[in-house]
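Here is a friendly walk through one protein chain, from its helix packing to a few individual residues. Keep the structure open beside you as you read.

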Amino acid sequence: MAIKSRAYETIEQAYRHSKETVIEWKKQGRLAVGCIGSDVPEEVLIAGGILPVQVFGNPEANSPLAEQYLEKGFDPLTVSQFEQIVNGSYTFLDRLVISNSSDAVIRSYYYLRAIRKMEPHMPVPPLYFFDFLHTPFRMSGMYNRDRLCALIREVEGWSGKEINTQVLQEAVSVCNRTRRLLHELNELRQPTAPKVSGTQMLKLIGASMVMPRELYNDLLAEFLEEARTGSELAGVPVFVTGSPQDHTFLYEVIEACGGLVAGEDHEMGFRHVKDLVDECVDPIDGIVDRYHLRPPVSGQATVSRRVKDLANAVEQSRAQAVVFYVHEKHDAISWDYPSQRKALEAKGISVLMLEDQPYGPVPEETKKKITQFITTIKGGRS
């Protein structure tokens with residue numbers, strides 16, 4: 001059984017009740033800024049005394065308003081995030097920053113901007129688009145540096161607080177502490193002696209996206225010490241890739257079926273905290289490099305790059321199997337799959353592709369496929 005403690009329960013509570021967590025912060029007269037997309041630099045917001053808040057979707061609710069505004073080709077996570085904004089679930093946000101992490105996210109920004117202009121009664125907060133390039137060229141890095149400096153000036157205007165080099169360096173140190181602690185916890189879910197489940201890890205990472213950072217770091221450090229003394233968990237080590245998972249339905253099913261999620265590479269998982277900012281250089285340069293040079297998401301990379309990155313991530317996690325879980329209308333994720341499967345199977349890694357999956361709870365038929373897959377790996381009867 002995965003270890004639990006006072007520190008873990010506090011973090012899990014913040015994850016399960018993320019909106020209430022932010023509202024408590026707001027009661028202190030502080031600002032909270034929502035983030036959509038995987039490239040919004042949290043360091044800048046924290047330097048401005050602002051709480052960065054990841055906008056989560058709601059996998060257990062329909063999206064009637066979003067469906068009125070968006071075309072049918074949007075992936076369900078983006079649709080649900082859009083719905084949460086336009087239906088007023090995030091009215092407590094002072095701003096909403098959207099990065100160009102995918103074409104769907106970019107288009108959702110344009111729709112929200114039009115709604116603010118044409119339907120000002122709708123509860124869409126003031127918007128800011130953070131344009132960030134991922135092509136591996138010096139000109140892209142220079143452009144990204146200009147965009148980051150523009151964001152810093154904007155945040156200074158929101159908060160009324162100067163963000164100088166020292167303040168930004170302090171924010172970098174706080175964020176890097178979060179990442180280092182989560183790196184240590186990630187080691188505790190590796191197959192050699194797993195003591196933290198993938199479900200727990202996903203909740204812990206998710207909570208970092210909504211909690212005041214200093215409080216979160218202290219609680220996480222406390223849980224880390226307790227987790228080291230916990231008992232080992234049993235299960236086939238599985239790596240999860242495909243569509244982002246901002247809820248734990250899939251992880252819970254995999255681990256209930258005899259698996260143990262040892263790693264993932266989607267934006268809501270370990271990829272969010274994998275890379276640190278270099279604290280030995282100017283903080284602006286360090287932040288730009290951290291977001292610019294890290295492994296790109298599927299829509300921003302060549303097939304060969306995605307094959308290499310996934311193979312490396314699976315090898316580092318020591319997983320025996322990979323589950324590709326792809327939401328309906330998220331077809332671009334699966335374009336790399338044939339080459340990725342070939343590379344993984346050449347290394348003796350078992351692969352399961354699950355396409356056209358819903359954003360919400362895992363269907364019974366899919367549960368059966370996962371159970372059969374894990375049973376086969378164990379050497380049992382399929």
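## Surface and burial

A residue is called exposed when its relative accessible area is over 50%, buried when that value is under 20%, and partly exposed in between. One caution before using these words: the model is predicted.

Let's start with G160, which sits in the loop between α7 (138–159) and α8 (165–187). Is G160 buried or exposed? Its relative accessible area is 69%, so G160 is exposed. If you measure from C-alpha to C-alpha, G160 and H121 lie 27 Å apart in space, with their positions 39 residues apart in sequence.

## A buried valine in α8

For a contrast, look at V172, a residue of helix α8. V172 has a relative accessibility of 1% and therefore counts as buried, the limit being under 20%. Which residues does V172 touch, leaving aside neighbours within four places in sequence? The contacts of V172 are E43, V277, E279, P283 and I287. R147 is 25 residues away from V172 along the chain, and their C-alpha atoms are separated by 18 Å.

## Helix α9 and its partners

Helix α9 (residues 198–207) is a good place to study packing, with α1, α10 and α11 as partners described here. Two packed helices are described by the angle between their axes and by the distance between those axes.

Take α1 (residues 6–16) to begin with: α1 and α9 pack at about 70 degrees, and their axes are 8 Å apart. The two helices are therefore roughly perpendicular to each other, and their crossing is left-handed. On the α1 side the contact is made by Y8, I11, E12 and Y15, which meet Q200, L202, K203, L204, G206 and A207 of α9. Sorted by class, this contact of α1 with α9 holds 6 nonpolar, 2 polar and 2 charged residues.

## α9 with α10 and α11

How do α9 and α10 lie relative to each other? They pack at an angle of about 160 degrees with axes 11 Å apart, and are therefore roughly antiparallel. The crossing of α9 and α10 is left-handed. Here Q200, L204, I205 and A207 from α9 meet Y216, L220 and F223 from α10. The contact of α9 with α10 has 6 nonpolar residues, 1 polar residue and no charged residues.

Turning to helix α11 (residues 249–256), its angle with α9 is about 160 degrees, and the axes are 8 Å apart. That makes α9 roughly antiparallel to α11. The crossing of α9 and α11 is left-handed. In this contact, G198, T199 and L202 of α9 meet Y251, E252 and E255 of α11. By class, the residues where α9 meets α11 divide into 2 nonpolar, 2 polar and 2 charged.

## The nonpolar cores

Which members of the largest nonpolar core touch the most other members? In this core of 55 residues, they are L182, L185 and L204. Helix α10 (residues 213–228) supplies the largest share of the core, 7 residues. Another core, of 30 residues, lies apart from the largest one; L45, A171, V172 and C175 are among its members.

L182 is worth selecting in your viewer. Not counting residues up to four places away in sequence, L182 touches M201, L204, I205, Y216, L220, F270 and V273. Some of these names have come up already: L204 and I205 are among the α9 residues that meet α10, while Y216 and L220 are among the α10 residues that they meet.

## Two residues with positive phi

Finally, a look at the backbone. R318 is not a glycine, yet it has a positive phi of about 60 degrees. R318 lies in the loop between α13 (303–317) and β7 (321–327), and with a relative accessible area of 40% R318 is partly exposed.

D356, also not a glycine, has a positive phi of about 55 degrees. Where is D356 placed? D356 belongs to strand β8 (residues 350–357). Its relative accessibility is 54%, so D356 counts as exposed.

Conventions. Residues numbered from 1 in each chain as written. Predicted model: local features only at pLDDT ≥ 70, side-chain atom pairs only at ≥ 80, totals over all residues. Heavy atoms only, no water. Axes fitted to C-alpha atoms, helices over the stretch in contact; angles between N-to-C directions. Helix = DSSP H or I, 4+ residues; strand = E, 2+ residues; numbered from the N terminus. Parallel < 35°, antiparallel > 145°, perpendicular 65-115°, else oblique. Left-handed = near helix turned anticlockwise from the far one by under 90°. Contact = heavy atoms within 4.5 Å. Nonpolar A, V, L, I, M, F, W, Y, C, P; charged D, E, K, R; others polar. Core = buried A, V, L, I, M, F, W, Y, C linked by side-chain atoms within 4.5 Å. Buried < 20%, exposed > 50% of the residue type's maximum accessible area, 1.4 Å probe, protein only.
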